[in-house]
Amino acid sequence: MAEVGELLTKWNEDKKYQMLERLPSTYNPMYSFVLPKGENKHYVQQFSDIYFLRLAKLKPAVEAAAADAWEDFEIAGEHAQRVERVLDVRQGQLCWVAGTIYMDLPLKPNILDELSKDHWVAGPPPRRSYYSTAEDIQVMLEDESGRLRLTGAMLRTNLLVTGVIVAVLGTENADGEFEVLDLHVADLPRQPQRWERDQGQSALQGKMEVDHESQPKKIVLVSGLGISGTEADTVSLSLLSEYLLGESLGLEDQLPASTLCRLIIAGNSISSDVIIAPPPDAMDTGTRKATQKKYGYDSTAYNPTPTAHLDQFLSELLPSIPITIMPGEHDPANASMPQQPIHQAMFPHSRAYASQHLNHEEDPEPGWLDSVTNPWDGDVEGWRLMGNSGQPVDDILKYIDHGGPDGTGADGRLEVMESMLRWRCGAPTAPDTLWCYPFQEKDQFVIEQCPHVYFIGNQPRFDTAVVEGPVGQQVRIVAIPKFHETGQIVLLDSETLEVELVKIDVYDELDTEGT
């Protein structure tokens, strides 16, 4: 904390003050998850094509890993043979085959529930977890030919969910089930070198090479601002703004603020509780006239205050620090993955710092306010960053018992993040239980290049680890907590990729816990 004498001093016109300048950052976003515009965006095609595209993309990598591991595998003199399709598996034959995992869970949502809602039949409330007991779960392996039911202890010791591409080794028993002895996934893909993409683009555009001898900087990661438009948001957001701008405390505390080179907001900037409750007289049973809707929503149930407060918060920061903002589950964007950028019209004050074109690919360089997709990937200070606002992890935890009885616990989330990288899929349960766009040409959720930093927003608590790949890849995975609940932000060092946790809170003398 700064000394009182440093903050409360008499004005002296002869005293020279140190001029602080924020260090610039190198920012090169990718547009991997931008959907087609206008007439080119269709929702009439089948969602099943996504799984076939994913299998076609990842099957060669999975089979290559399996072939290396099981090349000399044999039992009782019988050598393991590769089978092309799951329906070609024969009883008693030691073999291995690759396909897509499908998990049949009794508590998983059913399409009949959606049909019942269309016919005004009261359906059950949505479940927070699909997991019941291991005995009730049926794990199957499928490809374009059919399905094969899997069994064995390996299924209980390996984390698997619907949509994962695996190769399984074993034999079919008398019950027609495939006894799994071992399994392999694709594991981490190739990891680009630092500055690799920036140097390539600079060479193509005739620019100078990127300066690698940059000063140490900090990338700020925050999620779950949860702005609701009430007075409860004012103090915490003001303290966060002062910290990022270097206006808080004394000179020794302001110096580190100059190293904060970019702010990344990982979703849920708006609180989930922003719908205005209907008046009591509107709760009658069918006698009231239906509410008139304009532009697809009920204007009487829309509260614009949170978005205005978010715009004001961003406009205070943007003259000093560039911002990358991702949409989340509660933000004004489409609900299905990948969520498209929050429209500039939602930021009347901040959009002056955004790019001039709505189509990002037309811009020679992004603006200081870069409204991006969820998930998102890009290069910051030469490192490949990839992340999302938390929906894929939350949905995966509904399949397993790591997240507690309701699937919302903090345990097991780093394991899920590591598994997603090794599966090479950022949203394996889409489109089965996670809404997504029906891709027809390419599954955008397939991870083709290994990131250096993989972050997930809106998690119950902060956590981090380093994941190592088979050929030396190293990935820093970060679970970003909800700022609205914890007051915590994450600082990522641009040189070492080490992380630092900063908590912004209001001091309370009556707080017995000392926070």
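How exposed is Lys442 in terms of relative accessible area? Lys442 comes out as partly exposed, at 41%. That residue turns up again in the third of the close-ups below, which are drawn from a predicted model.

**View A. The largest cavity and its lining.**
Searching the whole structure turns up four cavities of 30 Å³ or more. The largest cavity holds about 60 Å³ of space. Twelve residues would be a crowd to label, so to speak, but here are the ones to look for: Met30, Tyr31, Val34, Val372 and Thr373 lie nearest the centre, out of 12 lining residues. Sorted by class, the lining has eight nonpolar and four polar residues, and no charged ones.

**View B. A leucine patch on the surface.**
Leu20, Leu251 and Leu255 make a nonpolar surface patch here, covering about 210 Å². Leu20 comes from the loop that runs between helix H1 (4–7) and strand E1 (27–29). With a relative accessible area of 33%, Leu20 is partly exposed, so it passes the patch cut-off of over 30%.

**View C. Lys442 and Glu448 pair up.**
Here the side chains of Lys442 and Glu448 meet in a salt bridge, at 3.1 Å from N to O. Both ends can be seen from outside to some degree: Lys442 is partly exposed at 41%, and Glu448 is partly exposed at 38% relative accessibility. Elsewhere, Lys59, Glu63, Arg82 and Glu84 are joined into one network by salt bridges that share partners.

**View D. Two salt bridges that span the sequence.**
The model has 20 salt bridges in total, and this view picks out a couple of them. Asp187 pairs with Arg422, with the closest N and O atoms 2.8 Å apart. That contact links distant parts of the chain, 235 residues apart: Asp187 sits in the loop between strand E9 (178–184) and helix H5 (196–204), and Arg422 in helix H10 (residues 413–423). Asp187 is partly exposed, at 21% relative accessibility. The other pair is Lys218 and Asp493, whose closest N and O atoms are 3.4 Å apart. This one bridges 275 residues, from Lys218 in strand E10 (residues 218–222) to Asp493 in strand E19 (residues 488–493). Asp493 counts as buried, at 12% relative accessibility.

**View E. A buried aspartate in helix H9.**
Asp395 belongs to helix H9 (residues 391–396). Its relative accessible area is just 3%, so Asp395 counts as buried. Look across to Ala430 as well: Asp395 and Ala430 are 35 residues apart in sequence, with their C-alpha atoms 9.1 Å apart in space.

**View F. Two cis peptide bonds.**
Most peptide bonds are trans, so these stand out. The bond from Met337 to Pro338 is cis, with omega near -5°. Pro338 lies in the loop between strand E12 (323–326) and strand E13 (369–371). Asn374 and Pro375 are also joined by a cis peptide bond, where omega is about 5°. Pro375 is in the loop between E13 and strand E14 (376–380).

**View G. Positive phi without glycine.**
Trp195 is not a glycine, yet it has a positive phi of about 70°. Trp195 lies in the loop between E9 and H5, and it is buried at 3% relative accessibility. Asn268, again not a glycine, has a positive phi of about 55°. Find Asn268 in the loop between strand E11 (260–266) and helix H8 (305–317); at 10% relative accessibility, Asn268 counts as buried.

Technical notes:
Residues are numbered from 1 along each chain as its sequence is written. This is a predicted model: local features need pLDDT of at least 70, side-chain atom pairs count only at pLDDT 80 or more; totals for chains, interfaces and linings use all residues. Side-chain values use heavy atoms; hydrogens and water are left out. On a 1 Å grid over the protein atoms alone, a cavity is a set of points where a 1.4 Å probe fits but cannot get out, and a pocket is an open set with protein on both sides within 12 Å along at least five of seven lines; lining residues have an atom within 4 Å of a point. Grid points are joined across faces, edges and corners, and a volume is the space filled by probe spheres set on the points. Ala, Val, Leu, Ile, Met, Phe, Trp, Tyr, Cys and Pro count as nonpolar, Asp, Glu, Lys and Arg as charged, and the others, Gly among them, as polar. Patches are made of residues with over 30% relative accessible area and no salt bridge: like charges are joined within 9 Å, nonpolar side chains (Val, Leu, Ile, Met, Phe, Trp, Tyr) within 5 Å. Accessible areas come from the Shrake-Rupley method with a 1.4 Å probe; for residues, only the protein chains shown count as cover. A salt bridge is a side-chain nitrogen of Lys or Arg within 4 Å of a carboxyl oxygen of Asp or Glu. Helices (H or I, at least four residues) and strands (E, at least two) are DSSP runs, numbered from the N terminus. Buried means under 20% relative accessible area, exposed over 50%, partly exposed in between (1.4 Å probe, protein chains only).
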